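Here are a few short exercises on backbone oddities and where they sit. Take a look at the structure, try each task, then check the worked solution.

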Amino acid sequence: MNMKKINTKPLLFFTGILGLTAVLFIAIYGGDVKDKKITPIDVDTDRTVLLIDTEKEEISIEVDIADTESERAQGLSGRTAIGAKEGMLFVFETSRIPQFWMKDMNFALDMIWIDDTLTVVGFSQNVTPESFPKTFFPEVSVKYVLEVNENFVNSNNIKKGDTLQILTL
């Protein structure tokens, strides 16, 4: 019987490359890609629009961005008021449990705690200037904190699990 010898080197090379690609893909994406949400890239502006998707409606709110240490330290302190559909979005480089206080604040706030998938994970409501020096913080790590006027959470039916979109102006 006359058998032809097959060169398997290209097949082994291709299989090795395919295997390496699969290992890198799993290492980068954690293996469970279908359930992962894409985290937005850092916000490159000082003012932007957020869309909050609730059970009942989509709420649009214009926010100032606090994404540097000095901007986050200043926050809304010293301002006399913000509009009903305005707020400040605090953006952190990585998820953490930040602490907020009401130093030099002139009006009460709701603080909405948002994780790295832009999902509401909790809130502190009707936080008054008189609460200083008490600190407020989320129960879990967050990447974003949205400060809005007091009663915003209740009046707009914001719930844990609601999601946000960041739209650059």
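**Exercises on a predicted model**

Proline 133 sits in the loop between strand 5 (120–127) and strand 6 (142–149). Keep in mind that the model is predicted.

**Exercise 1.** Find out which residue is joined to proline 133 by a cis peptide bond.

*Solution.* Start with the usual case: most peptide bonds are trans. Now check omega for the bond between phenylalanine 132 and proline 133: about 15 degrees, a cis peptide bond. So the partner is phenylalanine 132.

**Exercise 2.** Aspartate 104 and asparagine 157 are both worth a look; decide for each whether the residue is buried or exposed.

*Solution.* First, the backbone. Most residues other than glycine have a negative phi. Aspartate 104 has a positive phi of about 60 degrees, and asparagine 157 has one of about 55 degrees.

Next, the location. Aspartate 104 belongs to the loop between strand 3 (86–96) and strand 4 (109–114). Asparagine 157 belongs to the loop between helix 3 (152–155) and strand 7 (163–168).

Last, the accessibility. Aspartate 104 comes out at 54%, and exposed means over 50%, so aspartate 104 is exposed. Asparagine 157 comes out at 18%, and buried means under 20%, so asparagine 157 is buried.

**Exercise 3.** Work out which side chain the side chain of threonine 119 contacts.

*Solution.* Go to the loop between strand 4 and strand 5, where threonine 119 is found. Its relative accessible area is 12%, so threonine 119 is buried. Then follow its side chain: a polar contact of 3.0 Å leads to the side chain of threonine 117.

Notes. Residues are numbered from 1 along each chain as its sequence is written. This is a predicted model: local features need pLDDT of at least 70, side-chain atom pairs count only at pLDDT 80 or more; totals for chains, interfaces and linings use all residues. Side-chain values use heavy atoms; hydrogens and water are left out. Helices (H or I, at least four residues) and strands (E, at least two) are DSSP runs, numbered from the N terminus. Buried means under 20% relative accessible area, exposed over 50%, partly exposed in between (1.4 Å probe, protein chains only). A polar contact is a pair of N or O atoms within 3.5 Å; within protein, one must be able to donate a hydrogen and the other to accept it, and residues adjacent in sequence count only if both atoms are side-chain atoms.
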